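Dear colleague,

Please find below the structure that I am handing over to you. I should be grateful if you would read the notes beneath with the coordinates open.

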Amino acid sequence: AINAVQATPLRIKKSILEVAQEIWDNDSENTVMPNRVDLDVPQRPFANDDEYEVYIKENKQGWIEWKKKATAVHTMNRRMASKRVATSQKLWLANKFKDFDEIYFVHNMDWRGRVYPVSPLLNPQSDDLGKALLEFSYGAPMGESGEKWLKIHLANTFGVDKVSYEDRIKWAEEKAIAISLVANDPFTYKMWMDADSPWQFLSACWTIV
C-alpha cells in the first residue's frame, strides 16, 4: 500500500500557485491567507507605569476589559505569525518544484494502518492551500460519474456538505455561471474566497469549466 502511494506522481498546480503568490505578495487585506502584519494592540488606558496603580484602583473594570482585548490581540498575532511562516514555506516549496513534471512523497504507516506523508507543510494531506497546490501528474477521463462527483466536491469545498448528494449537485449546477466567472478571473470574481476551503474550491472551478 505504501509503495503504491509513494509511486503516484504529482506536480505543482501552477494556476493555483500563480494566484496564491500574487495575493501573498500584493493583497495584504485578503481573506484567504494570514495577515502579513500584526494587528494593533489596544492602547493602554494609562500613560505610564506611574499611573498604573491609580488607574486600576479607580477603574478596575476598564483595566480588566483592556487586558482581555490586549490578550486576544497578542494571541491572534502569535497564531498569525506561525501561519505566515507556514504559508511562506509552502509557496517557497511550490516555486522550487513547479517545473518538475513528477514529484513523489515518502510515506509512513502507523500500527493502525494509517498512512502519512513524511514531508511536512506541502503534501497531499496538507491544509487547504497545500492540497490545492498539488495535482496528479497524469490525468484520466472522468468517465460517466466523474462530473457528478466533481460537482459534489465543489459543493463540499464551498461548505454545502450537510445536504444530500442530489442537493449538492443541484447547488453546483445553479452556481454554474458564478463558477465560470471565478475560473476565468479569480481576482475580479471573489466568490471563491467565501468558501470553507477556498483554494480547493478554486482548483475545482478550473477543473470543471
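The notes that follow begin with the overall fold and then turn to two residues.

Please bear in mind that this is a predicted model.

Overall architecture

The protein contains 9 helices and 4 strands. Their order along the sequence is α-β-α-α-α-β-β-α-β-α-α-α-α. The radius of gyration is 22 Å, whereas a compact globule of 209 residues would have a value near 17 Å. Along the principal axes, the C-alpha atoms occupy a box of roughly 75 × 40 × 35 Å.

Of the 209 residues, 36% are buried. Among contacts with a separation of 6 or more, 65% are between residues 24 or more positions apart. The exposed surface of the protein comes to about 13200 Å², and 52% of this is supplied by carbon and sulfur atoms. As for charge, there are 27 positive and 30 negative side chains. The centres of these two sets are 5 Å apart.

Arg84

Arg84 belongs to helix H4, which spans residues 60-97. Is this arginine buried or exposed? Arg84 has a relative accessible area of 16% and therefore counts as buried, the cut-off being under 20%. Its side chain reaches the backbone oxygen of Asn35 at a distance of 2.8 Å. Once neighbours within four places in sequence are set aside, the contacts of Arg84 are Trp24, Pro34, Asn35, Arg36, Val37 and Asp38. Asn35 thus appears both in this list and as the residue whose backbone oxygen the Arg84 side chain reaches.

Ser126

Ser126 is located in the loop that runs between strand E3 (115-117) and helix H5 (128-132). With a relative accessibility of 13%, Ser126 is likewise buried, because that value falls under the 20% limit. Which residues do the polar atoms of its side chain meet? A polar atom of the Ser126 side chain lies 2.4 Å from the backbone oxygen of Leu121. The side chain of Ser126 also makes a polar contact, at 3.2 Å, with the side chain of Asp127. Apart from neighbours within four places in sequence, Ser126 is in contact with Lys90, Leu121 and Lys131. Leu121 is therefore one of the contacts of Ser126 as well as the provider of the backbone oxygen at 2.4 Å.

With kind regards

Note on methods
Residues are numbered from 1 along each chain as its sequence is written. This is a predicted model: local features need pLDDT of at least 70, side-chain atom pairs count only at pLDDT 80 or more; totals for chains, interfaces and linings use all residues. Side-chain values use heavy atoms; hydrogens and water are left out. Helices (H or I, at least four residues) and strands (E, at least two) are DSSP runs, numbered from the N terminus. The radius of gyration is taken over C-alpha atoms; the globule rule is 2.2 Å times the number of residues to the power 0.38. Buried means under 20% relative accessible area, exposed over 50%, partly exposed in between (1.4 Å probe, protein chains only). Contact means heavy atoms within 4.5 Å. Accessible areas come from the Shrake-Rupley method with a 1.4 Å probe; for residues, only the protein chains shown count as cover. Lys and Arg count as positive and Asp and Glu as negative; His and the chain ends are not counted. The place of a charge is taken as NZ of Lys, CZ of Arg, CG of Asp or CD of Glu. A polar contact is a pair of N or O atoms within 3.5 Å; within protein, one must be able to donate a hydrogen and the other to accept it, and residues adjacent in sequence count only if both atoms are side-chain atoms.
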